[in-house]
Amino acid sequence: MSASLLRLKPLLRPALAATGAAAAAAAAISAPPRCEEAPKRVTTLTLRVDPSIEGDVAFWLPASLKKLLEMPGMLGAKVLKPLSAPAAAAAAEPAADAASKPGVIFVLGGPGAGKGTQCGKMVEKYGYVHLSAGDLLRAERKSGSDVGDMIEEYIREGKIVPVEITVGLILKAIEADGGGRFLVDGFPRNANNLSGWHAVASASLNVGGVLQYDCPEEVMEARLIERGKTSGRVDDNVESIRKRFAVFERETMPVLQYYEYLGLVHKVDGTRPVDEVWVDTQAAVEAIEGRLAAAAAAAAPTGAPPSDDRAEWRVHVYGSGADASLAPDAARHLAAEAAARWGAGAVDVVDEGTSVCEVSLKAFDLDALRSFD
Ligand code: UP5
Ligand code: MG
């Protein structure tokens with residue numbers, strides 16, 4: 001088992017322990033926690049900037065942050081002045097660490113869009129391990145688990161099971177397999193799923209890309225009705241299917257929008273025959289693998305000592321509610337954008353972590369944002 005996977009172990013235990021709490025929450029199925037009741041959070045990023053491009057970075061950074069602030073749950077951002085005496089610590093370590101993490105491709109799309117079908121082909125050709133979140137939940141229900149009835153009710157209603165359960169099952173399966181490349185099918189489905197992933201998995205697993213299968217509802221419905229004649233799935237009936245469509249539009253599309261912002265989404269037209277969809281799937285997988293390989297190469301140690309004359313910029317990104325934990329991916333996005341502009345290593349972006357804010361930040365943050373105009 002890789003070092004990265006070993007690090008999952010302590011994270012997984014609390015995630016699984018939380019399933020009891022999730023079971024207790026089953027009674028509140030129609031009353032999910034409201035975002036505004038959740039704490040505000042601040043994610044701190046440090047950018048270590050080569051002095052030759054510092055002026056350019058000063059123009060680029062606010063515009064790039066503004067794009068981040070269009071995402072759900074983002075309140076604002078603040079750039080602190082460069083520190084005159086930057087710490088000499090090498091920022092390359094987290095990047096190198098990222099390159100050694102097992103890779104994950106998220107596979108998303110509406111119910112019946114063909115996610116599972118294409119995953120089967122990817123397993124065959126590329127040797128990925130396929131983890132369907134829906135299949136894991138159905139297996140958990142069948143196993144007689146304490147949360148089995150709750151899972152069944154959520155699935156029949158097309159609702160999204162609390163992330164403590166789903167991410168726990170996914171991580172358990174990853175840990176049991178110990179492999180290096182995973183297709184996570186049908187997850188993350190909403191902001192709560194994304195938060196849970198960030199909380200317990202993103203430090204140990206590297207999301208290389210997201211496959212998005214697009215398909216009109218009438219096509220998906222016809223496929224699922226046909227499948228329902230033999231599938232035995234409690235949600236392959238018109239009533240459940242339409243609820244699933246509504247949940248996909250309302251809750252999963254914003255997740256896709258988020259990953260699109262990060263430049264990780266590969267859209268595939270899932271309406272065509274399976275083999276035609278497969279042609280596009282392969283192109284997308286190969287693009288994702290190319291990106292992962294390039295990231296690994298860029299992160300490989302060069303032997304050159306880190307420059308100690310770099311300007312050190314500090315950025316605070318503020319978010320509200322469950323969506324706030326979208327902010328950590330800001331580090332990745334800024335690093336990728338900077339690398340595309342100035343080449344790998346010109347700007348090192350280090351995620352210093354996220355903490356809870358005790359005070360209201362809204363007015364303060366928006367003022368800070370306006371000063372970028
Ligand atoms: N088919 C596939 N591709 C075709 C093509 N190109 N042309 C013609 N036919 C095609 O395919 C569906 C059917 O279409 C099959 O009969 C297939 O032969 C045919 P499939 O590949 O199974 O589509 P898929 O997109 O995987 O459809 P699925 O029904 O599995 O999608 P869902 O996302 O709805 O289901 P999932 O199992 O992921 O989730 C079910 C429920 O679990 C959710 O609604 C939710 O309640 C719960 N859940 C969570 O709460 N959290 C999670 O993280 C995940 C699930
Ligand atoms: Mg499926």
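## Helices across an open parallel sheet

Helix α11 (residues 238–261) lies across β3, β6 and β7, and runs at about 125° to β7. This is a predicted model, so a look at its confidence is included below alongside the fold. The strands that α11 crosses belong to an open sheet of five strands.

**The sheet**

- Reading across the sheet, the strand order is β4-β5-β3-β6-β7, and the pairing is parallel.
- At the edges sit β4 (129–132) and β7 (265–269), each of which pairs on one side only.
- From one strand to the next, the twist averages 20°.
- In general, strands of a sheet pair through backbone hydrogen bonds, in either a parallel or an antiparallel way.

**A closer look at β3 and β5**

- Strand β3 (residues 103–109) and strand β5 (residues 181–185) run parallel and are joined by five bridges.
- If you would like a spot to zoom in on, isoleucine 105 stands opposite leucine 183 in β5.

**A second helix on the sheet**

- Helix α5 (residues 115–126) lies across β3, β4, β5 and β6 (206–214).
- Relative to β5, helix α5 runs at about 170°.
- Both β3 and β6 are crossed by α5 and also by α11.

**Confidence**

- The protein chain has an average pLDDT of 78, and 74% of the residues score at least 70.
- Residues 1–37 have a pLDDT below 50; this stretch has 53 contacts in the model beyond near neighbours in sequence.
- Residues 83–96 also have a pLDDT below 50, with 19 contacts in the model beyond near neighbours in sequence.

How values were computed
Residues are numbered from 1 along each chain as its sequence is written. Chains are lettered from A and ligands numbered from 1 in the order in which they are written. This is a predicted model: local features need pLDDT of at least 70, side-chain atom pairs count only at pLDDT 80 or more; totals for chains, interfaces and linings use all residues. pLDDT is the predictor's confidence in each residue, from 0 to 100. Two residues are in contact if their C-beta atoms, placed from the backbone, lie within 7 Å. Two strands pair if DSSP finds at least two bridges between them. Helices (H or I, at least four residues) and strands (E, at least two) are DSSP runs, numbered from the N terminus. Axes are lines fitted to C-alpha atoms, for helices over the stretch in contact, and angles run from 0 to 180 degrees between N-to-C directions.
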